[in-house]
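Here are my notes on this model, point by point. Please read them with the structure open.

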Amino acid sequence: MTDTFPAEEVVTSALDVVRTTDAEAATWWRQAVVYQIYPRSFADSNGDGLGDLPGITTRVPHLAALGVDAVWLSPFYPSALADGGYDVDDYRDVDPRIGTLEQFDDLVAALHAHGIRVVVDIVPNHSSNRHRWFTDALAAGPGSPERARYVFRRGQGPDGELPPTDWTAMFGGPAWEPVGDGDWYLHLFAPEQPDWNWDHPEVREDFHTTLRFWSDRGVDGFRIDVAHALAKDLSEPLPSQADLRAPDVLDGMHRFEDRDEVHEIYRGWRAVFDEYDPPRTAVAEAWVPAHRRARYASPEGLGQAFNFDLLLADPDAAQFRRTIEDNLALAHESGASSTWVLSNHDVVRHATRYALPAGTDLPAWLMSGGTDPAPDLERGRRLARAATALVLALPGSTYLYQGEELGLPEVAELDAADLQDPTWQRSQGTEKGRDGCRVPLPWTAHGASLGFGDGPAHLPQPAWFAEYAVSRQEEDPTSTLALYRRALAARRRLQTGEQLEWADDVPAGVVRFRRPGGWTSMTNFGPAAVPLPAGRVVLSSGTHTDDELATLTQLPGETTVWLETTTA
Ligand code: GLC
């Protein structure tokens, strides 16, 4: 980093800025710890097996004790759950099985009362096939203004009986669905998720209305689903699937991925965000090459973008260091702060990824029921704790996924009959999909669904989930929950500025960097202990007692510590 490196800076943790100046309140997101809740699997208040908003409200004390700055709620809108709620029937309502708008307001009030901000998920690439505008489009017939809000095309062949192109959808199978009158509609994801036509002014206006609707209800920010795919060039002739991704399809020239025009849409959104004080924030889920990410994160656009590079990296010192350096440089370029993600609702949990040999084919491993290869869960736990402690020491914001604070591993043994992810059906039973990271949380070691609710959970919890229950971990100072709480509290105290200074003179397998204010994070990815530099150890991802920390001179393998130092 070329930044100057002040010895001391003013602490600007999110909770502090809630109560300080307007200028600081507008930048709360830059160094926030944001906790992702998958609402249907968090807490079930009425025993119907599905998590709900009142359930989350009852668990706000857990979030407050954890010490997060914000909560991001995955979709809670009315939905047939063809894709876990990312198939939205109505963007401005709550699924009646999950709650009501009043209960949403109660949840926001409870979170705000604890200084926790609220981020909601916006799914603008597609609606569900039950959205009013889509059912209107089907009823209105070919060539109608109603169909113009979505992407309808005539099929090929005399009666339009063949799809317009051979494009395939993300979840497998064709990306076009026939509607029986010669028209087909585009769905980049499941057939229940028709893509919007973003060239249509009513679509644009309606999303502005949605952003204002939630902003008016006190929402602080938005997570933007599939942010890179809204703008599409569907002029004829349409390319074949092979040509869509041909090597000469340059940056910004793909027919629907990461086109430059998408940023014009987000400039319009920024104007809406800026109608509010403090301005609403956004983070883009944009699966684009790293060098294209800055545009999503620009202050004129969404302001921040997910960086999934660590989520894709092995627990390896060189990979972590390179990824961190690259992303800090990219964030600097856009003016945003960086984001760090190790787990979310779409990927195998990191406690399990790190328990498997590097390069393991994760879909194949899931298909084996989690047995081939056999995971080393002890190692996975150690490395997951070390990686999380490292990430929490970085400048920028960290996104945590519900259950990772319990060290939950992936549930790989779900029966085919229990699977909900559309990937399973659409791949004809060759890929299990993402349900294994969406199994409802264990709050207690006993009960119908381990404290999740009074009845069986919508995705069955394995018996071993009881070992990971919140109630058990609360009693154990060496638990992963205790580590997360300590780490978040220490971060709140130590985190200042956004600079980072690498230590280069370190043993192989070690990543060490210093932060403003005189604290250092050091991770030993290797198996053997290495000497620790001078300083007071204030956090260890291992299971050291306070007495052990006070006399620690060696950093054990697969462990991170934070040290307070006065010199580099
Ligand atoms: C995003 C979501 C994922 C969803 C997809 C389609 O990638 O994270 O869960 O299936 O978009 O909306």
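1. A definition comes before the ligand. A polar contact is a pair of N or O atoms within 3.5 Å. With that cut-off in hand, take R223: an N or O atom of its side chain is 3.0 Å from an oxygen atom of the ligand. Keep in mind throughout that this is a predicted model.

2. Two more side chains belong beside R223. D225 places a side-chain N or O atom 2.8 Å from a ligand oxygen. For R434, the corresponding distance to an oxygen atom of the ligand is 2.9 Å.

3. Which residues come nearest to the ligand? They are D83, H126, D225, E285 and D346, out of 14 residues around the ligand. D225 thus appears both in this group and among the side chains with a listed distance to a ligand oxygen.

4. Next, the largest pocket. Its volume is about 1200 Å³. The lining counts 48 residues, and M170, W287, D346, V347 and R434 lie nearest the centre. Two of these names recur from the ligand points: D346 is among the residues that come nearest the ligand, and R434 has a side-chain N or O atom 2.9 Å from a ligand oxygen.

5. What is the make-up of that lining by class? There are 23 nonpolar, 12 polar and 13 charged residues in the lining of the largest pocket. Helices α11 (309-312) and α14 (362-367) each supply at least two residues. The most comes from α14, with 3 residues.

6. The second largest pocket has a volume of about 290 Å³. It is lined by 26 residues, with A26, W29, R270, T281 and G303 closest to its centre. Strands β8 (281-284) and β10 (397-401) each give at least two residues to this lining. The largest share is that of β8, 3 residues. By class, the second lining holds 15 nonpolar, 8 polar and 3 charged residues.

7. Now a single residue, T423. It sits in helix α16 (residues 422-426). Is T423 buried or exposed? T423 counts as buried because its relative accessibility is 10%, and the cut-off for buried is under 20%.

8. Look at the surroundings of T423. Its side chain makes a polar contact with the side chain of D421, at 2.8 Å. Beyond neighbours within four places in sequence, T423 is in contact with F171, E431, G433 and R434. R434 is also one of the residues nearest the centre of the largest pocket.

9. One last pair. T423 and G172 are 251 residues apart in sequence, yet their C-alpha atoms are 6.9 Å apart in space.

Note on methods. Residues are numbered from 1 along each chain as its sequence is written. This is a predicted model: local features need pLDDT of at least 70, side-chain atom pairs count only at pLDDT 80 or more; totals for chains, interfaces and linings use all residues. Side-chain values use heavy atoms; hydrogens and water are left out. Helices (H or I, at least four residues) and strands (E, at least two) are DSSP runs, numbered from the N terminus. Buried means under 20% relative accessible area, exposed over 50%, partly exposed in between (1.4 Å probe, protein chains only). Contact means heavy atoms within 4.5 Å. A polar contact is a pair of N or O atoms within 3.5 Å; within protein, one must be able to donate a hydrogen and the other to accept it, and residues adjacent in sequence count only if both atoms are side-chain atoms. On a 1 Å grid over the protein atoms alone, a cavity is a set of points where a 1.4 Å probe fits but cannot get out, and a pocket is an open set with protein on both sides within 12 Å along at least five of seven lines; lining residues have an atom within 4 Å of a point. Grid points are joined across faces, edges and corners, and a volume is the space filled by probe spheres set on the points. Ala, Val, Leu, Ile, Met, Phe, Trp, Tyr, Cys and Pro count as nonpolar, Asp, Glu, Lys and Arg as charged, and the others, Gly among them, as polar. A residue is near a molecule or strand if one of its heavy atoms lies within 4 Å of it.
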